Amino acid sequence: MKYRKLGASDLEVSEISLGSWLTFGVGVEADKARACVDRAFDLGINFIDTANVYGRGAAESFLGEALKDRPRDSYVLATKVFGQMSDTDQGLSRAQILKQIDASLQRLKTDYVDLYQCHRYDVNTPLEETMAALTEVVKAGKARWIGFSEWSPEQIEASFKVAGAERFISSQPQYSLLYRRPEKKVIPISAANGVSQIVWSPLAQGVLSGKYAPGAAPPAGSRAASDSMGGPMKSWLEPHILEAVAKLKPLAAEAGCTMSQFALAWVLREPNVASAIVGASRPDQLDDNAAASGLKVDPALFARAEAIVAEVRRETAR
């Protein structure tokens with residue numbers, strides 16, 4: 001496993017990180033989820049990402065139990081705030097941030113998180129209030145660093161202008177061969193301001209693993225076949241997308257790697273990407289994904305892949 005510095009922080013994070021959206025505490029049984037966490041550590045994955053809203057606390061609670069006997073300095077732990085936790089609890093107001101960080105720490109069974117991220121931008125709270133509250137959290141020792149997820153370029157730039165506030169060191173956007181929107185503005189702005197990307201869905205919800213064939217039912221046991229985990233990926237299973245992805249298989253074979261490794265290595269070719277978040281319901285999936293770290297692929301193969309998926313890529317001007 002290779003490691004990269006996370007923005008302007010002192011954190012060194014594994015190029016492949018373990019995520020918990022839809023899986024831990026929700027879609028994957030506890031013993032299988034625990035096996036995935038244990039295997040992640042065996043593979044050198046030191047970066048674990050979650051959020052308070054995942055299962056409305058269930059993912060954090062699972063991780064609190066799974067990590068409680070491990071030395072706290074043996075892993076980098078990130079969580080998020082913004083999502084709806086109850087009928088009255090949501091957003092990035094000072095009251096919510098201070099309430100939710102304490103609740104997250106209690107579930108995670110730790111005194112601090114290494115990275116506290118704004119899960120989305122809160123249009124109902126002044127940015128200055130949000131930044132001041134995040135700064136309070138850092139000064140109180142409850143989070144070491146702060147980040148954001150899916151903020152617009154304008155929102156990111158505005159955050160840097162808030163006087164006296166802690167500065168963000170990470171951005172968590174969706175990014176993959178099939179979704180390249182951050183390249184236009186978010187990555188350049190981030191790179192110029194000491195912010196690294198921690199990308200989610202680098203495999204486009206598993207579609208870039210090549211396991212889903214056009215016109216065929218999803219394989220048994222796959223995320224797409226799961227009632228609890230398959231919903232968010234339905235739009236990726238359109239025939240024209242699957243047909244384009246199928247054309248990538250010879251390129252991965254030429255590179256001497258699996259489809260998943262090829263897609264992850266493509267994401268990691270970008271210097272501003274510190275880590276690619278992967279989900280797992282079985283330990284062997286992590287074995288495959290972790291092998292993408294440090295993988296050398298001929299840039300010409302990546303260029304051919306980009307050309308193949310150009311017509312089915314999703315992105316907007318942002």
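This report describes the strand barrel and the helix packing of a predicted model.

**The barrel**

Eight strands close into a barrel, and their order is β3-β4-β5-β6-β7-β8-β9-β10. The pairing in this barrel is parallel. From one strand to the next, the twist averages 30°.

Part of the barrel can be followed strand by strand through β6, β7 and β8. Strand β6 (residues 113-118) runs parallel to strand β7 (residues 143-148), and five bridges join the two. Within this pairing, Val113 has Ala143 of β7 as its bridge partner. Strand β7 is also joined to strand β8 (residues 168-171), here by three bridges, and these strands again run parallel. Two positions in β8 illustrate the register: Ser170 stands opposite Gly147, and Ser171 stands opposite Phe148. In a regular strand, side chains alternate between the two faces of the sheet.

Helices connect these strands in sequence. Strand β6, helix α4 and strand β7 form a β-α-β unit that is right-handed. A right-handed β-α-β unit is likewise made by β7, helix α5 (residues 153-159) and β8.

**Helix packing**

The table lists three helix pairs with their axis separations and angles.

| Helix pair | Axis separation | Angle |
|---|---|---|
| α3 (residues 94-108) and α4 (residues 127-139) | within 8 Å | roughly 30° |
| α1 (residues 30-42) and α10 (residues 283-290) | within 8 Å | roughly 30° |
| α9 and α11 (residues 299-309) | 11 Å | about 100° |

*Helices α3 and α4.* The axes of α3 and α4 cross at roughly 30°. Because angles under 35 degrees count as roughly parallel, α3 is roughly parallel to α4. The crossing in which α3 passes α4 is right-handed. On the α3 side, the contact involves Arg94, Ile97, Leu98 and Ile101; on the α4 side, it involves Glu129, Thr130, Ala133, Leu134, Glu136 and Val137. By class, six residues of this contact are nonpolar, one is polar and three are charged. Helix α4 thus has two roles in this description: it packs with α3, and it belongs to the β-α-β unit with β6 and β7.

*Helices α1 and α10.* The axes of α1 and α10 come within 8 Å and cross at roughly 30°, which makes α1 roughly parallel to α10. Their crossing is right-handed. Helix α1 contributes Ala35, Cys36, Arg39 and Ala40 to the contact, while α10 contributes Pro283, Leu286 and Asp287. Five of the residues in this contact are nonpolar, none is polar and two are charged.

*Helices α9 and α11.* Helix α9 packs with α11 at an angle of about 100°, and their axes are 11 Å apart. Because angles from 65 to 115 degrees count as roughly perpendicular, α9 is roughly perpendicular to α11. Phe262, Ala265 and Trp266 of α9 meet Leu301, Phe302, Ala305 and Glu306 of α11. This contact comprises six nonpolar residues, no polar residues and one charged residue.

**Helix against barrel**

Helix α9 (residues 259-268) also lies across strands of the barrel, namely β3 (16-19), β9 (196-199) and β10 (273-278). Relative to β10, α9 runs at about 150°. Helix α9 is therefore placed both across these strands and in a roughly perpendicular packing with α11.

Technical notes: Residues numbered from 1 in each chain as written. Predicted model: local features only at pLDDT ≥ 70, side-chain atom pairs only at ≥ 80, totals over all residues. Heavy atoms only, no water. Axes fitted to C-alpha atoms, helices over the stretch in contact; angles between N-to-C directions. Helix = DSSP H or I, 4+ residues; strand = E, 2+ residues; numbered from the N terminus. Parallel < 35°, antiparallel > 145°, perpendicular 65-115°, else oblique. Left-handed = near helix turned anticlockwise from the far one by under 90°. Contact = heavy atoms within 4.5 Å. Nonpolar A, V, L, I, M, F, W, Y, C, P; charged D, E, K, R; others polar. Pairing = 2+ DSSP bridges. Right-handed = clockwise from strand over helix to strand, strands pointing away.
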